[in-house]
Amino acid sequence: MSLKEKIRNAKKVLPKKLTVPEWGIDVYIPRKTVKERSDFEKSLTKLNKKSSDAAMEEVRARMLIYGCRDENGSPIWDVSDIEEIAGYDSTPVDYIIDEMRKFCHITEDDIDVMVKNAVGTPDGDSSGVSA
């Protein structure tokens with residue numbers, strides 16, 4: 001069997017079940033494919049937020065949307081819920097995001113880059129370079 005075949009046939013990692021005591025529920029954190037992670041990161045470059053604080057709020061909400069599923073593997077939230085998520089208690093949200101970061105190997109540096117990419121420059125470009 002070639003290396004490529006071994007990789008293709010490797011056992012898939014099952015979603016991580018995470019109990020959120022503050023909400024009295026379980027959520028599931030799936031591993032993402034290369035395409036899914038790239039699509040998520042690309043979506044952040046189009047946010048054009050005015051400040052890094054606004055960008056961080058949206059990145060955190062989108063991470064929750066991106067990273068949580070119900071027991072059937074269906075998303076719990078979608079982008080129409082971003083404003084609602086911004087009003088949630090930060091403790092359970094932080095817990096979920098921290099666990100998702102560990103399970104999906106997302107570093108603090110990755111998040112910093114995501115926030116920088118979500119802040120637009122005055123001409124509307126979201127290159128992540130501040131003016």
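**Reading a predicted model, feature by feature**

Colleague: I started in helix α5, where K102 and E99 sit 3 residues apart, which puts about one helical turn between them. What does such spacing say about the way residues point?

Modeller: Keep in mind that this is a predicted model. The general idea is that an α-helix has 3.6 residues a turn, so residues three or four places apart point the same way. In this structure, the side chains of K102 and E99 meet in a salt bridge, with 3.1 Å from N to O.

Colleague: How should I read a salt bridge, and which other residue pairs with E99?

Modeller: Side chains of opposite charge can pair when their charged atoms come close. Here E99 also forms a salt bridge with K16, and their closest N and O atoms are 2.6 Å apart. E99 lies in helix α5 (residues 90-104) while K16 lies in strand β1 (residues 16-20), so this pair ties together parts that are 83 residues apart in sequence. Taken together, K16, E99 and K102 are linked in a network of salt bridges.

Colleague: Are the three members of that network buried or exposed?

Modeller: One of each kind, as it turns out. E99 is buried, with a relative accessible area of 12%. K16 is partly exposed at 27%, and K102 counts as exposed at 56%.

Colleague: How many salt bridges are there in the whole structure, and which residue does E58 pair with?

Modeller: A search of the whole structure finds 11 salt bridges. E58 pairs with R62, the closest N and O atoms being 2.9 Å apart. These two are 4 residues apart in helix α3 (residues 52-67), so about one helical turn separates them. E58 counts as buried at 10% relative accessibility, and R62 is buried too, at 17%.

Colleague: Now cysteines. How many disulfides does the structure hold?

Modeller: For this step you need a cut-off: a disulfide is a pair of cysteine sulfur atoms within 2.5 Å. The structure holds 0 disulfides. C68 is in none, and the nearest cysteine sulfur, in C104, is 10.0 Å away. That 10.0 Å between the sulfurs of C104 and C68 is too far for a bond. As for their surroundings, C68 is buried with a relative accessible area of 0%, and C104 is buried with 12%.

Colleague: A helix often catches my eye as a cylinder. Which residues of helix α6 are buried?

Modeller: Ask whether the buried residues gather on one side. In helix α6 (residues 108-118) the buried residues are I111, M114, V115 and A118. Seen down the axis of α6, they fall within an arc of 95 degrees, so they line one face of the helix. D109 and K116, on the other side of α6, are exposed.

Colleague: Which helices do the buried residues of α6 pack against?

Modeller: They pack against α2, α3 and α5. R101, in helix α5, is a good residue to zoom in on. Leaving aside neighbours within four places in sequence, R101 is in contact with M63, I106, T107, E108 and I111. At 16% relative accessibility, R101 counts as buried.

Colleague: And helix α2: what is there to see around S43?

Modeller: S43 has its place in helix α2 (residues 34-44). A polar atom of the S43 side chain lies 2.6 Å from the backbone oxygen of F40. S43 is partly exposed, at 24% relative accessibility. Along the chain S43 and N117 are 74 residues apart, yet 9.6 Å separates their C-alpha atoms.

Colleague: Let's zoom out. How many helices and strands are in the chain, and what pattern does the chain follow?

Modeller: There are 6 helices and 2 strands, and read along the sequence the pattern is α-β-β-α-α-α-α-α. The C-alpha trace spans about 50 × 45 × 25 Å along its principal axes.

Colleague: What share of the chain is buried, and what share of its contacts joins residues 24 or more positions apart?

Modeller: Of the 131 residues in the chain, 33% are buried. Among contacts with a separation of 6 or more, 61% are between residues 24 or more positions apart. As for the outside, the accessible surface of the chain comes to about 8400 Å², and 52% of that belongs to carbon and sulfur atoms.

Key:
Residues are numbered from 1 along each chain as its sequence is written. This is a predicted model: local features need pLDDT of at least 70, side-chain atom pairs count only at pLDDT 80 or more; totals for chains, interfaces and linings use all residues. Side-chain values use heavy atoms; hydrogens and water are left out. Buried means under 20% relative accessible area, exposed over 50%, partly exposed in between (1.4 Å probe, protein chains only). A polar contact is a pair of N or O atoms within 3.5 Å; within protein, one must be able to donate a hydrogen and the other to accept it, and residues adjacent in sequence count only if both atoms are side-chain atoms. A salt bridge is a side-chain nitrogen of Lys or Arg within 4 Å of a carboxyl oxygen of Asp or Glu. Contact means heavy atoms within 4.5 Å. The arc is that of the directions from the helix axis to the C-beta atoms. Accessible areas come from the Shrake-Rupley method with a 1.4 Å probe; for residues, only the protein chains shown count as cover.
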